[in-house]
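I am opening a notebook on a structure that is new to me. The entries below keep to what I looked up, one topic at a time.

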Amino acid sequence: MQQIDVAVLTLQLAVYLLVDGGEPAGRAGEWIALLNDLLVQAVIDLAEAEFDLPLVPWCWLAFGSEGRLEQTLNTDQDNGLIFLAAGEAEADSLRARFLPFARRVNGLLDACGFPLCQGGIMAGNSRWCLSLDE
């Protein structure tokens, strides 16, 4: 977790330097979103090592300002998880296996300074952890 803390501080410093150097706000927002994507990937990798995830294709999705590359330093989480399932029964079974992992990622991101979404738009919510068909 210490590596994540250092990454967050590095991100904040990089953004301050961009803005202080006269970088337009839109460009700074793009950089923040891209750097946050790298941070999210590191958190996903840490959490993934704790779980025996199903061997099916899946993808973590970024919504909201991060997904639009308009993120600021003070933003909450808006994310989802999508996975490939053969049918409704398999989707329910896979979701039950992905949700604890997704909740762990959401918790780690919260610990990194990305607060939980008050509206519940997060992969750890079953409404946003869906099969491709759903």
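Before anything else I fix one term: I call two residues in contact when they have heavy atoms within 4.5 Å. I note that the model is predicted, so that local features need pLDDT of at least 70 and side-chain atom pairs count only at pLDDT 80 or more, while totals for chains, interfaces and linings use all residues. Residues are numbered from 1 along each chain as its sequence is written, and side-chain values use heavy atoms, with hydrogens and water left out.

**Entry: Asn106**

I looked up Asn106 and found its place in helix H4, where helices (H or I, at least four residues) and strands (E, at least two) are DSSP runs numbered from the N terminus. Is Asn106 buried or exposed? With a relative accessible area of 4%, Asn106 is buried; the term means under 20% relative accessible area, against over 50% for exposed and partly exposed in between, with a 1.4 Å probe and protein chains only. Leaving aside neighbours within four places in sequence, I find Asn106 in contact with Trp60, Gln77, Asn79, Leu116, Met122, Ala123 and Gly124.

**Entry: Asp78 and Leu61**

I then turned to Asp78, which sits in the loop between H3 and S2 and is buried at a relative accessible area of 18%. The C-alpha atoms of Asp78 and Asn106 are separated by 9.7 Å, with their positions 28 residues apart along the chain. Beyond neighbours within four places in sequence, the contacts of Asp78 are Leu61, Ala62, Phe63, Gly64, Cys117 and Ile121.

Leu61 belongs to strand S1 and counts as partly exposed, because its relative accessibility is 28%. Apart from neighbours within four places in sequence, Leu61 is in contact with Asp78, Asn79, Gly80 and Ile82. I also noted a C-alpha separation of 5.8 Å from Leu61 to Leu81, residues that are 20 apart along the chain.

**Entry: the nonpolar core**

Which residues have the most contacts inside the largest nonpolar core? They are Trp60, Leu81, Phe83, Phe98, Phe101 and Val105, in a core of 24 residues; such a core is a set of buried Ala, Val, Leu, Ile, Met, Phe, Trp, Tyr and Cys residues joined through side-chain atoms within 4.5 Å. The elements that give this core two or more residues are H2, strand S2 (79–83) and helix H4 (88–111), and H4 brings the largest share, 9 residues. I followed Leu81 further and, leaving aside neighbours within four places in sequence, found its contacts to include Trp58, Cys59, Trp60, Phe98 and Phe101, and also Ala123 and Trp128.

**Entry: the largest pocket**

I looked up the largest pocket, whose volume is about 230 Å³. On a 1 Å grid over the protein atoms alone, a pocket is an open set of points where a 1.4 Å probe fits, with protein on both sides within 12 Å along at least five of seven lines, and lining residues have an atom within 4 Å of a point. The volume is the space filled by probe spheres set on the points. Among the 18 lining residues, Asp37, Val40, Trp60, Ala62 and Glu66 are the closest to the centre of this pocket. Helix H2 (25–48), strand S1 (58–62) and helix H3 (64–67) are the elements that give the lining two or more residues, with H2 supplying the largest share, 4 residues.

**Entry: Gly120**

Gly120 lies in the loop between H4 and strand S3 (129–131) and is buried, its relative accessible area being 15%. Leaving aside neighbours within four places in sequence, Gly120 is in contact with Asn125 and Trp128.

**Entry: the whole chain**

I closed with the chain itself, which has 4 helices and 3 strands in the order α-α-β-α-β-α-β along the sequence. Of its 134 residues, 37% are buried. Among contacts with a separation of 6 or more, 73% join residues 24 or more positions apart.
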